[in-house]
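The following paragraphs offer a guided reading of a structural model. The reader is invited to keep the sequence and the coordinates in view throughout.

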Number of protein chains: 2
Amino acid sequence: MLLGSIEAGGTKFVCAVGNEDYRTKDIVRFPTTTPEETLTKCIDYFKKFDDLKAIGISSFGPIELRKNSPKYGFITNTPKPGWSDVDFVGRIKKAFNIPIHWTTDVNGSAYGEYVISTLFNEHINSLVYYTIGTGVGAGAIVNGQFIGDLGHPEMGHVRVKRHPDDLDFPGICPFHGDCLEGLVSGPTFEARTGKKGQDIPLTDHVWDIMAYYVAQAALQTTLTLRPAKIVFGGGVISEEFLKKVRVQFKDLMNDYIDVGKLEDYLVMPAIKENGSATLGDFALALLEYRK
Amino acid sequence: MLLGSIEAGGTKFVCAVGNEDYRTKDIVRFPTTTPEETLTKCIDYFKKFDDLKAIGISSFGPIELRKNSPKYGFITNTPKPGWSDVDFVGRIKKAFNIPIHWTTDVNGSAYGEYVISTLFNEHINSLVYYTIGTGVGAGAIVNGQFIGDLGHPEMGHVRVKRHPDDLDFPGICPFHGDCLEGLVSGPTFEARTGKKGQDIPLTDHVWDIMAYYVAQAALQTTLTLRPAKIVFGGGVISEEFLKKVRVQFKDLMNDYIDVGKLEDYLVMPAIKENGSATLGDFALALLEYRK
Ligand SMILES: Nc1ncnc2c1ncn2[C@@H]1O[C@H](COP(=O)(O)OP(=O)(O)O)[C@@H](O)[C@H]1O
Ligand SMILES: Nc1ncnc2c1ncn2[C@@H]1O[C@H](COP(=O)(O)OP(=O)(O)O)[C@@H](O)[C@H]1O
Ligand SMILES: [Zn+2]
Ligand SMILES: [Zn+2]
């Protein structure tokens, strides 16, 4: 049996096929252009495989995932030119009449990391996955299910307590200024310092400011969801940076509740090479197939 | 069939019996003294009723609710003198060998409000209940279930963006200073102004500051959980105050996501006279009985 995965990002798409053990058999990457061209490439790719039983799609958003909505399966009001109001699932479903699982990119990644934890015999039933990259977003699993009754989480836009050495920075979110995304997404490095994050050494104080905000995101998530684990991915994240985040998290929590060893609680993805969403998609496709 | 409810608060206990329609048949209130005396009063009360099939308990905390913990059913490390490490469920179970549902006070209230919404034919499957009183806490239902893998939520201790006119107030949380509880619990009125909240007119600017923080709590909850409804109870909350909260919420959200009419989204309890937890306990007791 083969399962398909589409990880639909704002800059690139990753299509893959795998088996029931979630092993990737084939994978292809291409840039995100127009919906017509990009979705056609997806369809042409999967046409090469017989025996494809189901597809898991995890997409950039915002997306409609309320099954009772006429726009279910659509990318909705995205700022990405041309992609607003695109019937993603409908288009794929027309080409392949097989079960399709539809969720956000970060939910797909969260599910991949959740499945891997379970395979490693960690008996968890909740996990949150944050991406800190061009934007900031999070996916969450609670009691083994995705959360969001009215829609998917948008944790990137919460407000946080401002760092005393960062009070003058207005933030860069076009909607909110200094929401979390407006303060810690990759492009905030350029906005603050004129330099890209990858060119600023971790000894620079700006990294302490970033760690303070990411630690608050982890704190909010912990106090709200009490998940078993919080995974951080995206270009801004590195193991060295997470060390700083853990120090600030410990300080903010002040032993109020115990989350176990921080090295096991605030972690990088267990699945390497940005493969979390692909694995998650396979697992979600299989669930959909078995329904 | 009769169902029991114990709402265990830090200052008073409310015990009640009701039927399968969640109608209260009898109710009694007494102050919280020692665990021995208080739990004996509960037991003596319920002994008067034959045909009691199950009891729902919603308790102040922190409490242990992981079923696989040896301390399941305990109040754990509470600051309330004498109540740390008390085997609440064990004590009740010894007196009545019937099913017992055990959760936090705010979870009990959340469940009561959730059940009432459902009875009123609102087809929701998520709801968050905040109490803003002597302390600040929240209970949450997601996909029809309580959340919290490692323990119950502690949303009262998140950090928020400070109001520009409140930057000098250090907050009163003994653990965190200016966490949400340290900034908006009832006693913060005295700490800021020397006067009790009930004696400060809603036209006073301190209420705008309070509304700004409560709106951020609602925003964090919305962006993280996307619940169908957020209910606010506790001494600090009034319909007039919630009007201010809605204005600040709208401003902070800046049309980023649609939550429907704010008058229906950020609301006071539908169940009057602080009865949310009692009704929730009845419903949870019934669930436990039917298991
Ligand atoms: N080592 C680094 N340190 C800090 N920021 C980085 C680093 N590497 C990449 N970035 C930033 O991360 C962002 C890209 O994030 P990434 O997760 O790779 O892509 P996307 O979010 O677009 O999928 C850019 O703003 C980039 O400048
Ligand atoms: N009208 C009011 N405005 C502001 N604060 C109030 C008001 N009424 C009561 N409070 C405050 O609420 C707190 C009590 O909250 P309450 O929910 O009644 O009890 P508890 O949280 O102890 O169960 C006290 O700090 C009290 O000063
Ligand atoms: Zn924003
Ligand atoms: Zn606190």
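In this predicted model, a suitable point of entry is the pairing of strand β2 with strand β3 (residues 24-31) in chain A, which runs in the antiparallel sense over seven bridges. Within this ladder, Cys15(A) has Val28(A) in β3(A) as its bridge partner. The two strands form a hairpin, with five residues between β2(A) and β3(A). In that turn, Tyr22(A) adopts a positive phi of about 65°.

Strand β2(A), which spans residues 12-18, also pairs with strand β1 (residues 2-8) of chain A. This second pairing is again described by the antiparallel sense, here over six bridges. One register point is given by Glu7(A), which stands opposite Val14(A) in β2(A). β1(A) and β2(A) likewise form a hairpin, with three residues between them. How much of β2(A) is buried? Six of the seven residues of this strand are buried, and the strand is thus mostly covered.

Strands of a sheet pair through backbone hydrogen bonds, in either a parallel or an antiparallel arrangement. In chain B, the wider sheet can be followed from edge to edge. Five strands form an open sheet there in the order β3-β2-β1-β4-β7, and the pairing is mixed. Which strands of chain B stand at the edges? These are β3 (24-31) and β7 (100-104); each has a single partner strand, so one side of each is left without a neighbour in the sheet. From one strand to the next, the twist averages 15°. Inside this sheet, strand β1 (residues 2-8) and strand β2 (residues 12-18) of chain B pair in the antiparallel sense over six bridges. A register point here is Ala8(B), which stands opposite Phe13(B) in β2(B).

Attention may now turn to the ligands, beginning with ligand 1. Its surroundings are drawn from chain A: Gly133(A), Thr134(A), Gly186(A), Pro187(A), Phe189(A), Gly197(A), Gln198(A), Trp207(A), Gly234(A), Gly235(A) and Val236(A). By class, this shell divides into four nonpolar, seven polar and no charged residues. Which side chains place an N or O atom beside an oxygen atom of ligand 1? Thr134(A) does so at 2.6 Å, and Gln198(A) at 2.9 Å. The backbone also takes part, since an N or O atom of Gly235(A) lies 2.9 Å from an oxygen atom of ligand 1. Taken alone, ligand 1 exposes 570 Å², of which the protein buries 62%.

Ligand 2 is surrounded by residues of chain B, among them Gly133(B), Pro187(B), Phe189(B), Trp207(B) and Val236(B). The shell around ligand 2 consists of four nonpolar and seven polar residues, with no charged residue. Three polar approaches to oxygen atoms of this ligand can be located. The side chain of Thr134(B) has an N or O atom 2.6 Å from an oxygen atom of ligand 2. For Gln198(B), a polar side-chain atom lies at 2.9 Å from an oxygen atom of the ligand. For Gly235(B), a polar backbone atom is 2.8 Å from an oxygen atom of ligand 2. On its own, ligand 2 has 570 Å² of accessible area, and the protein covers 62% of this.

Key: Residues are numbered from 1 along each chain as its sequence is written. Chains are lettered from A and ligands numbered from 1 in the order in which they are written. This is a predicted model: local features need pLDDT of at least 70, side-chain atom pairs count only at pLDDT 80 or more; totals for chains, interfaces and linings use all residues. Side-chain values use heavy atoms; hydrogens and water are left out. Buried means under 20% relative accessible area, exposed over 50%, partly exposed in between (1.4 Å probe, protein chains only). Helices (H or I, at least four residues) and strands (E, at least two) are DSSP runs, numbered from the N terminus. Two strands pair if DSSP finds at least two bridges between them. A residue is near a molecule or strand if one of its heavy atoms lies within 4 Å of it. A polar contact is a pair of N or O atoms within 3.5 Å; within protein, one must be able to donate a hydrogen and the other to accept it, and residues adjacent in sequence count only if both atoms are side-chain atoms. Accessible areas come from the Shrake-Rupley method with a 1.4 Å probe; for residues, only the protein chains shown count as cover. Ala, Val, Leu, Ile, Met, Phe, Trp, Tyr, Cys and Pro count as nonpolar, Asp, Glu, Lys and Arg as charged, and the others, Gly among them, as polar. Axes are lines fitted to C-alpha atoms, for helices over the stretch in contact, and angles run from 0 to 180 degrees between N-to-C directions.
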